[in-house]
Amino acid sequence: MENIKSYVQQHKDRFINELIELLKIPSVSADTAYSQDVIDTAEAVKESLSKAGCDYVETCDTPGYPIIYGEKIIDPNLPTVLVYGHYDVQPPDPLELWTSPPFEPVIKTTDIHPEGAIFARGACDDKGQMYMHVKALELMVQSNTLPCNVKFMIEGEEEVGSASLAWFVERNQEKLKNDVILISDTGMISNQQPSITTGLRGLSYVEVEVTGPNRDLHSGLYGGAVANPINILAKMIASLHDENNHITIPGFYDKVEELSAEERAEMAKAPFSLEKYKNALNIADVYGEKGYVTNERNSIRPTLDVNGIWGGYTGEGAKTVIASKAFAKISMRLVPNQDWEEITELFTKHFTSLAPAGVTVKVTPHHGGQGYVTPIDSIGYQAANKAYTETFGVPAIPVRSGGSIPIVALFEKELKSKTILMGFGLDSDAIHSPNEHFGIFNYLKGIETIPLFYKYFVELSK
Ligand code: BES
Ligand code: MN
Ligand code: MN
């Protein structure tokens, strides 16, 4: 532990500068305008892995963006840790809300990060957290303390649904064989209280299109006489929740796993301040499904949210028009036992049935994935908990997260191994938002904690 700390102290400036270089490349997977940058980022990751000590690295071509694979096999009889992460990032818009440009990383202090945080798109999700693993490998190789085999699989399409990764995993089961999968792409409670993510929600993401008249119409000449697609879409969306904020799609809750009173009481022990939560978001009150508290609404309960809605005239001034079409992007976060393809079908059937005769509705599924829950008595969980306990001075608390990493359920199915989610981000790090950042404290703590996971995982595997 002392050796780990002193290595990190000695090299921390370089660790920070290397991450800053990686953050300068705008690897936005959702927007083809950035495709060369995404590919350049893959190459930068590959180079960093060989520099850190992988004996073998490879750019694996896929139908989409490349997957970077790296490995260091020291003894086939020892356990193998497979590290997964993603080098792609979310689009940075709205640009005008960033206090510094998203791909020109700078270090600034915040109330929560008095020692400074790196501000850039991808700082926390997931370049910063992925790069902690590259630097932890360097540390273990340089100090001759790597206790087992390690494989890296870093992809470039996580933020758009990981389609190529699913393709790759199905075709490379032998190559990816491992004893545990380790991912840092989630968060923890606070810098004083580490937590280990034991659950992720599933996801069904769809786009809907409502079409009325065959062209945009004068809203005076036609208003009141034909269905206005935007009015109709708003009404259809509003009807998807009832007065208790339950989702009204028939069958939606049929397979939802209900937690026992004991499990809910256990969850309620995690530190949480509703006042702080409201203050941080500047809202007068929270809002959600009746019968559940905030920490349940955003983790163990399924949800339906509009992520974007458009149509008609949105330019300067006023234009009197009834648009021919209206659109929305809708996500449903799912919980264990809900099947995303089944939910997508239930949504499509119900949403289409809501339309009055004057419009037609088209539902296009985007992507989805199953939820995930992992037990806390596995060797991997115990090793992670020991590692956090050592570097933070307090044990980690198990927490089910509301976010999704759909590929984790697929890993379990295809590779038959458990995933340990060792996140070091904070909810306030603004992932997917303007001014995303990652605390220097968190980055360096991650690099310190990861080698201890390896150590305890190998010890507990004996
Ligand atoms: N790293 C996030 C997921 C996450 C963040 C899980 C924090 C738990 C805590 C990941 O990059 C992400 O954004 N996933 C998407 C889903 C994906 C299919 C686009 C999400 O959750 O919206
Ligand atoms: Mn991520
Ligand atoms: Mn993300």
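This passage describes two manganese sites and one surface patch in a predicted model. In the model, local features need pLDDT of at least 70 and side-chain atom pairs count only at pLDDT 80 or more, while totals for chains, interfaces and linings use all residues. Residues are numbered from 1 along each chain as its sequence is written, chains are lettered from A and ligands numbered from 1 in the order in which they are written, and side-chain values use heavy atoms, with hydrogens and water left out.

The manganese ion (ligand 2) has as protein donors His86 (NE2), Asp125 (OD), Asp185 (OD) and Asp185 (OD), at 2.0 to 2.4 Å. Donors are N, O and S atoms within 2.8 Å of the metal (3.2 Å for Na, K and Ca); water is not among the atoms, so sites may look incomplete. Along the sequence, the donor residues of this ion follow the spacing H-x38-D-x59-D. Asp125, in the loop between β5 (117-119) and α3 (127-142), and Asp185, in the loop between β7 (180-183) and β8 (195-200), link distant parts of the chain, 60 residues apart. Helices (H or I, at least four residues) and strands (E, at least two) are DSSP runs, numbered from the N terminus. Both Asp125 and Asp185 are buried, where buried means under 20% relative accessible area, exposed over 50%, and partly exposed in between (1.4 Å probe, protein chains only).

The manganese ion (ligand 3) is coordinated at 2.1 to 2.5 Å by Asp125 (OD), Glu159 (OE), Glu159 (OE) and His432 (NE2). Asp125 thus appears at both sites: it coordinates both manganese ions, ligand 3 and ligand 2, which are 3.6 Å apart. Glu159 lies in the loop between β6 (149-155) and α4 (163-171) and His432 in the loop between β17 (419-421) and β18 (437-439), so this pair ties together parts that are 273 residues apart in sequence. Glu159 counts as buried because its relative accessibility is 13%, whereas His432, with a relative accessible area of 39%, is partly exposed.

On the surface, Leu221, Tyr222 and Val226 make a nonpolar patch of about 280 Å². Patches are made of residues with over 30% relative accessible area and no salt bridge, like charges being joined within 9 Å and nonpolar side chains (Val, Leu, Ile, Met, Phe, Trp, Tyr) within 5 Å. A salt bridge is a side-chain nitrogen of Lys or Arg within 4 Å of a carboxyl oxygen of Asp or Glu. Accessible areas come from the Shrake-Rupley method with a 1.4 Å probe; for residues, only the protein chains shown count as cover. Tyr222 is placed in the loop between β10 (217-218) and α5 (229-238) and, at 32% relative accessibility, counts as partly exposed.
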